[in-house]
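Student: Can we go through this structure together? I would like to start with charged pairs and then move on to other parts.

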Amino acid sequence: MVCLVSRSGRELQRYNNMGGRQVVGCIPYRYKEDVNGNTSNELEVLVVSSQKGQGLMFPKGGWELDESVEEAACRESLEEAGVIGIVECELGQWSFISKRHGIYYEGHMFPLFVKEQLDMWPEQNLRRRTWMTVAQAREVCQHWWMKEALDVLVQRLMSSSQQKKDIALTDSLSF
């Protein structure tokens, strides 16, 4: 059973040594399927609308004291985008200035390989979610640091895909 209520409040919020919030986000991704359900090599990523406007971004929010950074990434993806999946190795950490508070925040980004998309999720009435190509997401994402994380993800997946092809070729040439 999935909890249909988002966490709220800042009592458990983590802060860095400069007093900036520590936030965690995910880039939910999947590979597009054709009409027959066959998976292609075409990557799709999921963006969500912001609560306070029409801007689009990847799910992100505060990292709390009672959870690991990976647990926070899973929670934010569930709360904001209604997706469940596998959190993979961190894409990186970025420092960015909060528009509201004018201080540096610390953002951690992870890929989330989506296994399930829920019909009901905690913030379904506050946000809209949209699957799109990497190029489209890069164009509409409102945060520069999330765009950089997307670039890291694409490079990682392309590198992994090439390694798999190289291994398959090596295996086929072995006697």
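**Salt bridges and surroundings**

Tutor: The structure holds 7 salt bridges. Keep in mind that this is a predicted model.

Student: Which residue forms a salt bridge with Arg75?

Tutor: Glu67 does, and the closest N and O atoms of the pair are 2.6 Å apart.

Student: Is Arg75 buried or exposed? And what about Glu67, buried or exposed?

Tutor: Arg75 has a relative accessible area of 13%, so it is buried, the cut-off being under 20%. Glu67 is buried too, with a relative accessible area of 7%.

Student: Which residue meets Arg127 in a salt bridge?

Tutor: The side chain of Glu80 does, at 3.2 Å from N to O. This pair links distant parts of the chain: Arg127 sits in the loop between β7 and β8, Glu80 belongs to helix α1, and their positions lie 47 residues apart in sequence.

Student: How accessible are those two, buried or exposed?

Tutor: Arg127 counts as buried at 10% relative accessibility. Glu80 is also buried, its relative accessible area being 5%.

Student: What does Asp151 pair with?

Tutor: The side chain of Asp151 meets that of Arg138 in a salt bridge, 2.8 Å from N to O. Asp151 lies in helix α3 (residues 144-173) and Arg138 in helix α2 (residues 134-140), so the pair ties together parts that are 13 residues apart in sequence. Asp151 counts as partly exposed at 33% relative accessibility, and Arg138 is partly exposed as well, at 34%.

Student: Which residues are joined into one network by salt bridges that share partners?

Tutor: Glu67, Arg75, Glu76 and Glu79.

Student: New topic, helix α1. How many residues does it have, and how far does it reach?

Tutor: Helix α1 covers residues 69-81, which makes 13 residues. From its first C-alpha to its last it reaches 18 Å, close to the 18 Å expected at 1.5 Å a residue.

Student: How many residues of α1 are buried?

Tutor: 10 of the 13 are buried, so α1 is largely enclosed by the rest of the structure. Among the buried ones are Val69, Ala72, Leu78 and Ala81, and charged residues including Arg75, Glu76, Glu79 and Glu80 also appear there.

Student: What covers them?

Tutor: The cover of the buried residues of α1 includes β1 (22-33), β2 (39-49), β4 (60-62), β5 (83-87), β7 (104-117) and β8 (129-132).

Student: What follows α1?

Tutor: Gly82, whose phi is positive, near 70°.

Student: On to the strands. In which sense do β1 and β7 pair, parallel or antiparallel?

Tutor: Parallel, over 8 bridges. As one bridge in that pairing, Tyr29 has Phe113 of β7 as its partner.

Student: And β1 with β4, parallel or antiparallel?

Tutor: Antiparallel, over 3 bridges. Gly25 has Lys60 of β4 as its bridge partner.

Student: What about β1 and β2?

Tutor: They pair in the antiparallel sense over 4 bridges, and Arg30 has Glu44 of β2 as its bridge partner. β1 and β2 form a hairpin with 5 residues between them, and Gly37 in the turn has a positive phi of about 85°.

Student: Where is His108, and is it buried or exposed?

Tutor: His108 is in strand β7. Its relative accessible area is 6%, so His108 is buried.

Student: Which side chains make polar contacts with the His108 side chain?

Tutor: The Glu90 side chain does, at 2.8 Å, and the Glu106 side chain does, at 2.9 Å. Leaving aside neighbours within four places in sequence, the contacts of His108 include Val23, Val24, Gly25, Trp63 and Val69.

Student: Where is Ser50, and what does it touch?

Tutor: Ser50 is in the loop between β2 and β3 (56-57), and at a relative accessible area of 11% it is buried. Not counting residues up to four places away in sequence, Ser50 touches Gly55, Met57, Leu126, Arg127 and Gln142.

Student: Last one, Met18. Where does it lie, and is it buried or exposed?

Tutor: Met18 lies in the segment before β1 and counts as exposed, at 70% relative accessibility. The C-alpha atoms of Met18 and Ile103 are separated by 8.6 Å, while the two residues are 85 residues apart along the chain.

Note on methods. Residues are numbered from 1 along each chain as its sequence is written. This is a predicted model: local features need pLDDT of at least 70, side-chain atom pairs count only at pLDDT 80 or more; totals for chains, interfaces and linings use all residues. Side-chain values use heavy atoms; hydrogens and water are left out. Helices (H or I, at least four residues) and strands (E, at least two) are DSSP runs, numbered from the N terminus. The expected span of a helix is 1.5 Å times one less than its number of residues. Buried means under 20% relative accessible area, exposed over 50%, partly exposed in between (1.4 Å probe, protein chains only). Contact means heavy atoms within 4.5 Å. Two strands pair if DSSP finds at least two bridges between them. A salt bridge is a side-chain nitrogen of Lys or Arg within 4 Å of a carboxyl oxygen of Asp or Glu. A polar contact is a pair of N or O atoms within 3.5 Å; within protein, one must be able to donate a hydrogen and the other to accept it, and residues adjacent in sequence count only if both atoms are side-chain atoms.
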